[in-house]
Amino acid sequence: ILDADGGDILLKDGGTHWFNLANSSGANLTSMVQDADILLRGNDGGSIITALSLDMSDAGRATFNNKASFNGAIAVGQSTFSGGSVLADFHGSGSGVGAQLAFANDHNTSKFYVGIEGNTSGDGFLYQQQDADINFYTNNTLHAKLHNDGAFVTTPTAGGHAVFNEGSVDA
């Protein structure tokens with residue numbers, strides 16, 4: 001039992017105050033050493049692992065060792081949510097900045113982006129970084145392809161297929 005009148009428990013080593021446990025409007029854990037990371041460690045199958053690291057030199061950036069699950073929505077780039085059934089809310093900040101998600105392969109050599117442009121129109125965009133196509137699927141079936149040269153081609157149907165390029169239609 002640790003009981004400290006005043007609500008604070010100070011942890012010191014050699015007289016140097018390095019951590020604080022406080023009871024002020026809720027439980028507060030504070031690293032008192034400048035830029036010292038806070039690590040949450042545990043025993044995973046006999047090995048001590050760092051499950052969560054809070055990087056204090058980067059405003060508390062959280063790094064999870066493996067996975068993270070959330071029972072509610074997440075907000076990125078802001079502290080409020082759009083509401084409704086939105087589960088992930090992404091915002092850019094600053095003048096002329098949009099918001100985007102980037103998907104990359106394991107070598108980070110190909111990226112695909114989806115987002116909203118940073119112009120005042122708020123146009124949405126799909127962007128394929130590499131010289132590759134964008135495929136459109138429904139019900140596990142490829143139905144259309146946007147080729148890297150700009151041609152949009154639908155998959156063959158009983159009546160043939162349509163090719164759309166610069167407003168023209170070829171059957």
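A salt bridge is taken here as a side-chain nitrogen of Lys or Arg within 4 Å of a carboxyl oxygen of Asp or Glu. In this predicted model, that rule gives a count of three salt bridges.

One of them pairs Asp 58 with Arg 61, whose side chains meet with an N to O distance of 2.8 Å. Asp 58 is partly exposed, at 38% relative accessibility, and Arg 61 is likewise assigned to the partly exposed class, with a relative accessible area of 42%.

Arg 61 also forms a salt bridge with Asp 55, and in this pair the closest N and O atoms lie 3.0 Å apart. Asp 55 has a relative accessibility of 14% and therefore counts as buried, because the buried class takes in residues under 20% relative accessible area.

The remaining pair to follow is Asp 133 with Lys 145, where the closest N and O atoms are 3.9 Å apart. Asp 133 sits in the loop between strand 11 (124-128) and strand 12 (134-138), while Lys 145 belongs to strand 13 (residues 141-146), so this salt bridge ties together parts that are twelve residues apart in sequence. Asp 133 is partly exposed at 28% relative accessibility, and Lys 145, at 21%, is partly exposed as well.

Returning to the shared partners, the salt bridges of Asp 55, Asp 58 and Arg 61 join these residues into one network, in which Arg 61 is bridged to Asp 55 and to Asp 58.

Technical notes. Residues are numbered from 1 along each chain as its sequence is written. This is a predicted model: local features need pLDDT of at least 70, side-chain atom pairs count only at pLDDT 80 or more; totals for chains, interfaces and linings use all residues. Side-chain values use heavy atoms; hydrogens and water are left out. Buried means under 20% relative accessible area, exposed over 50%, partly exposed in between (1.4 Å probe, protein chains only). Helices (H or I, at least four residues) and strands (E, at least two) are DSSP runs, numbered from the N terminus.
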